[in-house]
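Here are some notes for a colleague who is about to look through this model. They are set out as numbered points, moving from a single strand to the contacts between chains and then to the nonpolar core.

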Amino acid sequence: MNAPTSIFTPIADLQLDDVSFEHRGQSLLAPTSLTLSGCRRTVIMGPNGAGKSLLMRLAHGLLTPTSGRLYWQGPTPVQAMVFQQPVLLRRSALDNLTYVLGIHKVPRAQRKARAYQALDTFGLTSLAHRPARVLSGGEQQRLALARAWLLNPDVLFLDEATSALDPAAIKAVEDAVMAFHASGTRIVMTTHDLHQAKRLADDVVFLHNGQLREHSPTETFFSAPRSSEGRAFIQGELVW
Amino acid sequence: MKKTAIVTSASLLILAWGGLALADNDYITLASTTSTENSGLFEAIIPQFTDKTDIDVRVVAVGTGQAFETARRGDADSLLVHDTAGEEQFVADGYATERQNVMYNDFVIVGPSDDPAGIEDSDSIDDAMQRIAESQSPFASRGDDSGTHRAELRLWESAGIEADGDWYRELGSGMGPTLNTAAGMDAYSFTDRATWVAFENPQDLTLLYEGDEALFNQYGSLLISEEQHPHLKHDLAEQWHEWLLSDEGQAAIADYEVDGQQLFFPNAD
Amino acid sequence: MPASDNAFLTALQLILHMDGDLFSIVSLSLQVSLVAVALAALAGLPLGAALALWRFPGRNAVIIALNALMGLPPVVAGLCVYLLLSRAGPLGEWGLLFSPTAMVVAQWVLVLPIIASLTRQQVEALHGEYAEQLQSLGLSTARMMPTLLWDARIGLVTVMLAGFGRASAEVGAVMIVGGNIEGVTRVMTTSIVLETSKGNLPMALGLGIILLALVTLINAMAHLMGETAKRRLG
């Protein structure tokens, strides 16, 4: 993999100023201010319906805020996102990867070699010519990560990327997340797995009922949460 | 796989398209009536004309009304129909420059073999039409403003009958479909002899009345006005027109037989 | 041509003694309908995909119109094309009336709404599934189109078949604009009408059986291709 440019130039901070989101007159995210900076691993947590995925989609630019300002303090970084249900195209694993390289105008002659490299990195080489849609859930998620890897993202978003997987597959995804981070990628992920959050997170953003309750370093959040909902959540009293 | 699929479909398309764009000989488009087409006359005489002149004749067989309309719009090079009054009007309106008698056949009345109206021994066509109307026997009419339909209407008029009521069924169909329907509902019908002789689905229908002079069915060939439609193939169309009227064309018409019966009688002046 | 009172026997005889006339009728039918469907796909696939992907004023009106046109009576389509191509009509100069090209145009008019409308449904459904991922990869709406069309390909084969079915089965349009000229514009369906009007019902039905067999064959091939692809691609 090419060295990410982010090692040499710092990744721009993502700034949210009073960002809110409404759908059909219903407020799904109350005005929220938040800064995501550095090469950190931020985990967004909260019970079901708290607005975790929504916040992530706003941050990634898939949705536009109803009000407030959301901007990068500097050049917009390269971003990628891995979804809970990976959306893979109806073609082979290899072609799913060369497709992305094509979109990003990588010269045709280089595409295959780089795709194979990514497959190798994620242990998928033997599946290169299998149709992506018939791979197992874990293999599909690894392929989605390989696809993100090819983009050399400065920021990687993961939305419940392990919630449908078995323990071995979860381990593989977590290893991949570590690898991304080690190569200088900022990680923003949602999970409802407290242990995973403890293992991976540098800081935790906690949402409840569409409201940001706290943004704390992981250690602080798990030892002395500032919000009462956060306390209830880590004690397992709030339904996920 | 994607490439193969694209190349395959592209070459298929080119092949199919190429097939459509066959090189054409000289040809004219002739608007004529279903009765002449269905009788098989054209299949017999056109090859003789083509052998001689290398001109192909493409027949668009429709009802007389539609044939006039096709020619009026400039979509046919030549016109061969059987509605003398309409043809003369067509010339008078300036759409054609010349009309000539080519041949005639005759109309007949067919009906169920038990002949419920008893028309078989009628004295005249007027008498036969009156017997059908009086007995209220089902009668299947073309009802499509064709030459045959117009001729039928003239006969009701001359017999002094208002053709109306449950028994009188206007079908709005060509000659063949009308005979199919008449056979299906045991109705009388008015048809040209050529279509009748060549018709293969008579079921219980049989020929019941023929021979009155009023049943005479004259065909005419028209030369379409060059002034109205300069783009048409007038030279070729004129060759066809002249050939129909020539001894050779007239003989070809006389020679055409189905089941040993001559169907058309040449009568060019 | 051979004739018998039994339509199936007639059909069999027609096939066994395949003569030049029948062959040219069958191949013209296939050519006209395949070209019409291919050209309708060329316009209908992007049109349907565009309707699925873009929101614009009047979009619903276009969708409703296309859905309604799926039921356009072939005779009406034929009449419109006739008036268009007639010497007295706006495109009369081209001299296309009573030619196979005119038949292609008429069938194109009939097939286009089917392909565009059904393509829109297919692409819209797939877009619901793919939109976020493709947007995340940085694709503009315009660049999503080819990806979505290609990934919907299995469903789109069925769409094309629906179009082909309509084209090969209709008679009203090709009768009017083709004129049923022997050896030039006579196809399966117009032959069936002609034989029926001659009262030669076994022959008409025999031709109908051949037409049905051909359409069945093409559908079977497409179905098998689709099933294989579905198994392979998931």
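1. Met45(A) stands opposite Phe206(A) in strand β8(A), and this pairing belongs to a parallel arrangement in which four bridges join β3(A) to β8, the strand of chain A formed by residues 203–208. Please keep in mind throughout that the model is predicted.

2. Strand β3(A) has a further parallel partner in β7, residues 186–190 of chain A, to which four bridges join it. Within β7(A), Ile187(A) is the bridge partner of Arg41(A).

3. Is β3(A), residues 41–45, mostly covered or mostly open? The strand is mostly covered, since five of its five residues are buried. In a regular strand the side chains alternate between the two faces of the sheet. Both faces of β3(A) are in fact covered, with Arg41(A), Val43(A) and Met45(A) buried on one side, and Thr42(A) and Ile44(A) buried on the other. Arg41(A) is therefore a buried residue of this strand under the criterion of 20 or more other C-beta atoms within 10 Å of its own.

4. Turning to the chains, which of them touch? Two pairs of chains are in contact, and of these chains B and C share the most contacts. Chain A and chain B, by comparison, are joined by no contact, and their closest C-alpha atoms lie 10 Å apart.

5. The contact between chains B and C takes 23 residues from chain C and 26 residues from chain B. On the side of chain C that touches chain B, α2 (20–53), α5 and α9 (188–197) each supply at least two residues, and α2(C) gives the largest share, five residues. By character, the residues on this side of chain C divide into 10 nonpolar, 10 polar and three charged.

6. The largest nonpolar core holds 200 residues, and the members that touch the most others are Ala106(C), Ile115(C) and Val177(C). Helix α5 of chain C, residues 100–136, gives the most to this core, with 18 residues. Chain B takes part as well: its domain 1 (2–105 + 217–266) and its domain 2 (106–215) both give residues to the core, so the core lies between these two domains.

7. What does Ala106(C) touch, once residues up to four places away in sequence are not counted? Its contacts are Ala77(C), Gly78(C) and Val81(C), together with Ala173(C), Val174(C) and Val177(C). Val177(C) thus appears in both lists, as a contact of Ala106(C) and as one of the members of the core that touch the most others.

Conventions. Residues numbered from 1 in each chain as written. Chains lettered and ligands numbered in written order. Predicted model: local features only at pLDDT ≥ 70, side-chain atom pairs only at ≥ 80, totals over all residues. Core = buried A, V, L, I, M, F, W, Y, C linked by C-beta atoms within 7 Å. Buried ≥ 20, exposed ≤ 12 C-beta atoms within 10 Å, placed from the backbone. Domains from an automatic or database assignment. Contact = placed C-beta atoms within 7 Å. Pairing = 2+ DSSP bridges. Nonpolar A, V, L, I, M, F, W, Y, C, P; charged D, E, K, R; others polar.
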